[in-house]
Amino acid sequence: MKFDKELQREAAKIGMTATLGVTVVTSLFMKNSAAKKAHIIAGSAFCGFALWHTFLYDSKSKKAIKSVEIENNES
């Protein structure tokens with residue numbers, strides 16, 4: 001099954017929400033070594049999901065380049 005961009009974006013958002021929740025909850029128990037490890041792992045996973053989510057969108061510069069190429073080809 002192939003995942004389209006919208007489904008990938010939703011998965012990234014759900015992952016960001018879940019890992020941010022774990023990060024917030026574990027921040028209350030930082031004296032516990034297991035909670036501290038979970039906090040670090042969840043924070044790192046959050047950064048990964050945020051990066052993935054960012055890469056799922058086209059940048060404005062790519063859109064500008066494509067529009068210029070289309071205009072050049074039409075003339």
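A residue counts as buried when its relative accessible area is under 20%. R9, at 14%, therefore falls in the buried class. The views below are taken from a predicted model.

**Figure 1. Overview of the chain and its three-helix pattern.** The chain contains 3 helices and 0 strands. Followed along the sequence, these elements give the pattern α-α-α. The chain has 75 residues, and 15% of them are buried. Its accessible surface is about 6,100 Å², with 67% belonging to carbon and sulfur atoms. Among contacts with a separation of 6 or more, 65% are between residues 24 or more positions apart. The whole structure holds 2 salt bridges, which are shown in Figures 2 and 3.

**Figure 2. R9 and its salt bridge with E6.** R9 belongs to helix α1. The closest N and O atoms of the E6 and R9 pair are 2.7 Å apart. How far apart are E6 and R9 along helix α1? They are 3 residues apart, which means a separation of about one helical turn. An α-helix has 3.6 residues a turn, so residues three or four places apart point the same way. The two partners differ in accessibility: E6 is partly exposed, with a relative accessible area of 46%, whereas R9 is buried, with 14%. Beyond its neighbours within four places in sequence, R9 is in contact with H53, L56 and Y57. Of these partners, H53 is one of the buried residues of α2.

**Figure 3. A salt bridge between E10 and K13.** The side chains of E10 and K13 meet with an N to O distance of 3.8 Å. This distance counts as a salt bridge because the cut-off is 4 Å between a side-chain nitrogen of Lys or Arg and a carboxyl oxygen of Asp or Glu. E10 and K13 lie 3 residues apart in helix α1, so about one helical turn separates them. Are the two residues buried or partly exposed? E10 is partly exposed, at 38% relative accessibility, and K13 is also partly exposed, at 35%.

**Figure 4. T23 in helix α1 and its contacts.** T23 lies in helix α1, which covers residues 5-26. With a relative accessible area of 16%, T23 is buried. Which backbone atom does the side chain of T23 reach? The side chain reaches the backbone oxygen of T19, at 2.7 Å. Leaving aside neighbours within four places in sequence, T23 is in contact with H39, A42 and G43. T23 and G43 are 20 residues apart in sequence, while their C-alpha atoms are 5.9 Å apart in space. The other two partners, H39 and A42, are buried residues of α2.

**Figure 5. Helix α2 and its packing against α1.** How many residues does α2 have? It has 23 residues. From its first C-alpha to its last, α2 reaches 33 Å, close to the 33 Å expected at 1.5 Å a residue. At the start of α2, a side-chain oxygen of N32 comes to within 3.1 Å of the backbone nitrogen of A34. Buried residues in α2 are A35, H39, A42 and H53. Against which helix do the buried residues of α2 pack? They pack against α1. Two contacts seen in earlier views also involve these residues: T23 is in contact with H39 and A42, and R9 is in contact with H53.

**Figure 6. A nonpolar surface patch made by V25, L28 and F29.** The area of this patch is about 330 Å². L28, one of its members, is found in the loop between α1 and α2, the latter covering residues 33-55. Is L28 buried or exposed? L28 counts as exposed, at 66% relative accessibility. In helix α1, by contrast, T23 is buried, with a relative accessible area of 16%.

Definitions and conventions: Residues are numbered from 1 along each chain as its sequence is written. This is a predicted model: local features need pLDDT of at least 70, side-chain atom pairs count only at pLDDT 80 or more; totals for chains, interfaces and linings use all residues. Side-chain values use heavy atoms; hydrogens and water are left out. Helices (H or I, at least four residues) and strands (E, at least two) are DSSP runs, numbered from the N terminus. Buried means under 20% relative accessible area, exposed over 50%, partly exposed in between (1.4 Å probe, protein chains only). A polar contact is a pair of N or O atoms within 3.5 Å; within protein, one must be able to donate a hydrogen and the other to accept it, and residues adjacent in sequence count only if both atoms are side-chain atoms. Contact means heavy atoms within 4.5 Å. Patches are made of residues with over 30% relative accessible area and no salt bridge: like charges are joined within 9 Å, nonpolar side chains (Val, Leu, Ile, Met, Phe, Trp, Tyr) within 5 Å. Accessible areas come from the Shrake-Rupley method with a 1.4 Å probe; for residues, only the protein chains shown count as cover. The expected span of a helix is 1.5 Å times one less than its number of residues.
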